[in-house]
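Hi,

Here is the structure I said I would send over. Have a look at it, and my notes follow underneath.

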Amino acid sequence: MGALDSSIATTTGYRNSLDNATQLLNGAEDGAAVKVVIDGLIAVTRKTEQANKILESKLEDSRRQIAELQESLEAIRYESLTDDLTTLANRKHFEHSMERALNDANQSNDPFTLLMTDIDHFKKFNDTYGHQTGDQVLRLVALAVKQNVKGQDVACRYGGEEFAVILPRTNLRQAVVVAEHIRQAVMSKELIKRSTGENLGRITISIGVSSWRRGDTAQSMIERADTSLYAAKRGGRNLVRCETDQDVTGKSEVA
């Protein structure tokens, strides 16, 4: 801002010098008088040029600083919407993405679906092997989820051992296929305790699926997906259930 103020003042002075030179030239009686006017114009032109160079340098420095700030802000934004442990989107990101998906569906009438996923017997596993191993399980499930969703899908850590996946432009049948791929991917991985190399076997997940209906809210879709999820728990776990399955009758207290 200081460089801008200085440049404005110099430019104003230069304009005044030009006006003054015009008057002097009109009254000049010989070459010597003309030379004096020209020398004066050269001097103020050089001064103005120098001021403009300083301004150009300052503006270039400002552009660089703005670019660095933009990168920092983007990094902060990413961190604010990302779960540190799993690197999936966090709950805040999930809520924003659900609202965006609902708005898009209401405008386009295209389908979209929601998966709610819970790790089976996670509390028992955590109590038996410790929180560090529990964190390893969460990362393993997150990786399986990541590897089975595509670019437009939004995979989130909903909370604790529960994950959510938003599938835009995906109908219920297609969503069940995605959910099965995720379930099988998790079940196929053997968990090795890093500190001891002990094989802890396999873990499983249960998944509930709901599909957008006209008039839905984020909460209504989550409730139907949760209902399906708890039906999968009641059915023996390590299952996928969707809202149209006959055994999806209501929530259960099974943990």
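Strands β2 (residues 154–159) and β3 (residues 162–168) run antiparallel, with 5 bridges joining them. One of the pairings puts alanine 155 opposite valine 165, its bridge partner in β3. Keep in mind that this is a predicted model. The hairpin has 2 residues between the strands, and glycine 160 takes a positive phi there, near 55°. Strand β2 is mostly covered, with 5 of its 6 residues buried.

Tyrosine 158 is where I would look next. This residue of strand β2 pairs with phenylalanine 94 of helix α3 (residues 91–108), so the contact ties together parts that are 64 residues apart in sequence. The structure holds 2 aromatic pairs, and in this one the ring centres are 5.2 Å apart with the planes at 85°, so it counts as edge-to-face. Both partners are tucked away: phenylalanine 94 is buried at 1% relative accessible area, and tyrosine 158 is buried at 13%. Tyrosine 158 also has a charged neighbour, since arginine 91 lies over the face of its ring, 3.9 Å from the ring centre.

The other pair is phenylalanine 125 with tyrosine 129, whose ring centres are 4.8 Å apart and whose planes sit at 50°, so that one is tilted. These two belong to helix α4 (residues 122–129) and are 4 residues apart, which puts about one helical turn between them. Phenylalanine 125 is buried, with a relative accessible area of 13%, whereas tyrosine 129 is partly exposed at 28%.

Now for the cysteines, in case you were wondering: how many disulfides are there? The count comes to 0. As for where two of the cysteines sit, cysteine 156 is buried with a relative accessible area of 1%, and cysteine 242 is buried too, at 7%.

One last residue to click on is arginine 139, in helix α5 (residues 131–146). What does arginine 139 touch, leaving aside residues up to four places away in sequence? Its contacts are Leu85 and Arg194. The C-alpha atom of arginine 139 is also 5.1 Å from that of threonine 86, although the two residues are 53 apart along the chain. Is arginine 139 buried or partly exposed? With a relative accessible area of 32%, arginine 139 is partly exposed.

Cheers

Conventions
Residues numbered from 1 in each chain as written. Predicted model: local features only at pLDDT ≥ 70, side-chain atom pairs only at ≥ 80, totals over all residues. Heavy atoms only, no water. Disulfide = S-S within 2.5 Å. Buried < 20%, exposed > 50% of the residue type's maximum accessible area, 1.4 Å probe, protein only. Contact = heavy atoms within 4.5 Å. Pairing = 2+ DSSP bridges. Phe/Tyr/Trp six-rings, centres within 6.5 Å; stacked < 30°, edge-to-face > 60°. Lys NZ or Arg CZ within 6 Å of the ring centre and 35° of its normal.
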